[in-house]
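A learner new to this structure has asked a teacher for guidance in reading it. Their exchange is set out below.

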Amino acid sequence: MEKERHIRIFDTTLRDGEQSPGVALSLDQKLEIAQALARLNVDIIEAGFPVSGPMEFEAVRRIATEVKGPIIAALARTHTLDIDQAAKALEKAEKPRIHVFTSASKVHLQYMLRKTEEEVLEMADRMVRYARRYVDDVEFSAQDVMRADWEFVKRLYEVAIEAGATTINIPDTTGYGTPQEYGALIRRIRDEVVRGGDVIISTHTHDDLGMATANALAGVENGAGQIECTINGIGERAGNCALEEVVMALYVRRDWYKAYTQINTREIYRVSRLVERYTGMPVPPNKAIVGDNAFAHESGIHQDGVIKHRATYEIMDAELIGRRPAVLVLGKHSGRAAFKKALEDLGYKDLSEEELKKLFARFKEIAEKKGPLSAEELQALVESEREPTSHFFQLERVQFFSGSGLLPTATVQVKTPDGERLATHTGDGPVDAVFKAIQEAIGLRPELELYRVEAITGSTEALGQVTVRLRLGELQAVGVGVSPDIIEASALAFLDAAGKLASGRATRHPPSIEEVHRGV
Ligand code: KIV
Ligand code: ZN
């Protein structure tokens with residue numbers, strides 16, 4: 001019988017994922033995501049690109065120091081400074097990995113690296129050896145392999161292996177390859193470069209043509225032992241291969257791939273929501289595995305089938321990825337013990353007494369206004385209240401009036417570190433008036449870059465969740481507010497983001513690899 005292979009999951013949400021346009025994660029958020037990835041049991045967390053800036057360095061250093069379990073990887077170009085910085089940031093990691101990368105295609109060599117093939121080969125050789133002086137685990141990548149000449153690709157990876165690379169990663173940087181081509185490339189690397197050695201081949205696929213997941217899986221079928229991916233498939237341009245998709249494809253079709261991962265699938269949904277919330281990048285409703293509709297059945301025939309037997313139209317159980325059925329679980333008469341138990345069932349087992357007290361008070365307040373809360377609403381409530389960076393400014397009161405023929409006007413009362421502030425403002429609509437009043441109250445005028453309203457369970461009685469992204473100069477912050485009243489949720493979201501800006505917990509969008517090359 002064919003032996004099943006273990007496929008390593010290399011998560012790059014915090015490095016490639018953070019390159020998504022508009023995304024800027026704070027240090028606390030990165031740490032929390034890294035802890036969630038460790039609970040998910042990924043094999044490797046790529047924590048960042050330390051040389052690209054002091055914030056990036058510090059994030060890698062903190063993750064390497066505090067997150068236990070997975071290998072912690074840091075990205076570095078084929079430059080000594082990059083490798084020194086990566087090694088320094090990884091000093092406290094239990095299992096450090098330096099990920100050294102260069103480029104393989106002619107267009108990259110000519111315009112980005114401005115180097116000849118011989119120079120790139122020489123640098124790859126020297127820098128992989130240099131990285132090996134710091135750590136035993138060195139990964140080597142060459143960008144844009146899919147559009148490069150085979151003879152050069154072969155020489156480059158041979159040089160890297162000879163110099164000590166233990167994993168070779170094959171990036172389709174521009175998302176150009178088809179599954180057949182990419183699979184054939186991985187096979188060729190296995191047969192003509194690795195030739196039975198114990199070096200691990202890794203896939204790294206982008207989704208420009210919507211083929212990132214198919215390409216990664218084609219890589220697995222042809223010998224890859226590691227997949228690089230991100231939560232919700234976020235990343236540069238159209239994003240990366242989505243972790244939840246490859247993991248569940250390997251889980252559900254283990255019979256076909258003869259391969260498995262060590263992922264704790266029941267954590268998938270929670271991490272997906274966390275990343276959605278912190279990045280402000282919404283998951284489309286039809287997104288495989290984690291989208292709102294991924295387990296919804298609309299047509300009569302489908303509903304009828306699922307009622308008779310779930311397997312008629314479902315290939316996996318929603319529970320398997322940690323999604324709970326949208327049933328009403330708790331109402332205003334529920335006690336603290338029932339509340340605690342419901343949160344434990346949702347996976348929140350590590351809440352402190354203080355957190356529980358605050359959450360319970362907020363839950364009661366909401367349940368009084370809107371009635372019982374569903375599991376998804378409870379989850380949204382916990383996530384919005386738990387974030388360590390919020391509550392710098394606190395909303396005491398918001399009032400507004402608007403309607404046909406009326407000038408929308410809002411009054412807010414906000415608790416700031418300097419005391420209570422009250423302000424009234426008019427606006428183009430109630431939300432605009434509230435935001436202007438808040439700006440006056442807190443004395444900060446950030447630019448609103450994103451405003452999104454969602455009903456958590458899709459009915460008019462549902463809790464509303466508002467996400468805003470604010471910018472102040474170079475700094476950005478995402479804030480989320482949850483309330484049965486969407487104007488109040490908007491005010492909470494604005495204050496959450498503004499609080500991060502004011503308390504120095506905001507961050508800036510990381511420079512792209514290309515910008516780092518240009519020294520921007
Ligand atoms: O897409 C890419 O080529 C990359 C490399 C740095 C691995 O992200
Ligand atoms: Zn990439």
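The dialogue that follows takes up helices, a metal site and a pocket in this predicted model.

Q: How far apart are the end C-alpha atoms of helix α1, and what span should its 14 residues give?

A: The general idea is to compare an expected length with the one in the model. At 1.5 Å a residue, the 14 residues of α1 (residues 27-40) should span 20 Å, and the end C-alpha atoms are 20 Å apart, which agrees. After the helix comes Asn 41, whose phi is positive, near 75°.

Q: How many of the residues of α1 are buried?

A: A residue is called buried when its relative accessible area is under 20%. In α1, 10 of the 14 residues are buried, so the helix is largely enclosed by the rest of the structure. Among them are Leu 31, Ile 33, Leu 37 and Leu 40, together with Asp 28 and Lys 30.

Q: Which elements do the buried residues of α1 pack against?

A: Their partners are the strands β2 (8-11) and β3 (44-48) and the helices α2 (54-66), α9 (243-252), α11 (268-279) and α17 (486-502).

Q: Which residues coordinate the zinc ion (ligand 2)?

A: For a metal site, one identifies the donor atoms and then places them along the chain. Here the zinc ion (ligand 2) is coordinated by Asp 16 through OD and by His 204 and His 206 through NE2, at 2.0 to 2.1 Å. Asp 16, in the loop between β2 and α1, and His 206, in the loop between β8 (200-205) and α8 (212-221), are 190 residues apart, so the pair links distant parts of the chain.

Q: Are Asp 16 and His 206 buried or exposed?

A: Asp 16 is buried, with a relative accessible area of 3%. His 206 also counts as buried, at 4% relative accessibility.

Q: How many residues of α8 are buried?

A: The helix α8 is mostly covered, with 8 of its 10 residues buried. These include Ala 212, Asn 215, Leu 217 and Val 220. Gly 223, which follows α8, has a positive phi, near 120°.

Q: What lines the second largest pocket?

A: Rolling a probe the size of a water molecule over the atoms shows where empty space is left. The second largest pocket has a volume of about 470 Å³. Its lining comprises 18 residues, of which Arg 362, Glu 385, His 391, Leu 395 and Leu 492 lie nearest the centre. By class, the lining has 6 nonpolar, 5 polar and 7 charged residues.

Q: Which element gives the most to this lining?

A: That element is α17, with 4 residues.

Note on methods
Residues are numbered from 1 along each chain as its sequence is written. Chains are lettered from A and ligands numbered from 1 in the order in which they are written. This is a predicted model: local features need pLDDT of at least 70, side-chain atom pairs count only at pLDDT 80 or more; totals for chains, interfaces and linings use all residues. Side-chain values use heavy atoms; hydrogens and water are left out. Helices (H or I, at least four residues) and strands (E, at least two) are DSSP runs, numbered from the N terminus. The expected span of a helix is 1.5 Å times one less than its number of residues. Buried means under 20% relative accessible area, exposed over 50%, partly exposed in between (1.4 Å probe, protein chains only). Contact means heavy atoms within 4.5 Å. Donors are N, O and S atoms within 2.8 Å of the metal (3.2 Å for Na, K and Ca); water is not among the atoms, so sites may look incomplete. On a 1 Å grid over the protein atoms alone, a cavity is a set of points where a 1.4 Å probe fits but cannot get out, and a pocket is an open set with protein on both sides within 12 Å along at least five of seven lines; lining residues have an atom within 4 Å of a point. Grid points are joined across faces, edges and corners, and a volume is the space filled by probe spheres set on the points. Ala, Val, Leu, Ile, Met, Phe, Trp, Tyr, Cys and Pro count as nonpolar, Asp, Glu, Lys and Arg as charged, and the others, Gly among them, as polar.
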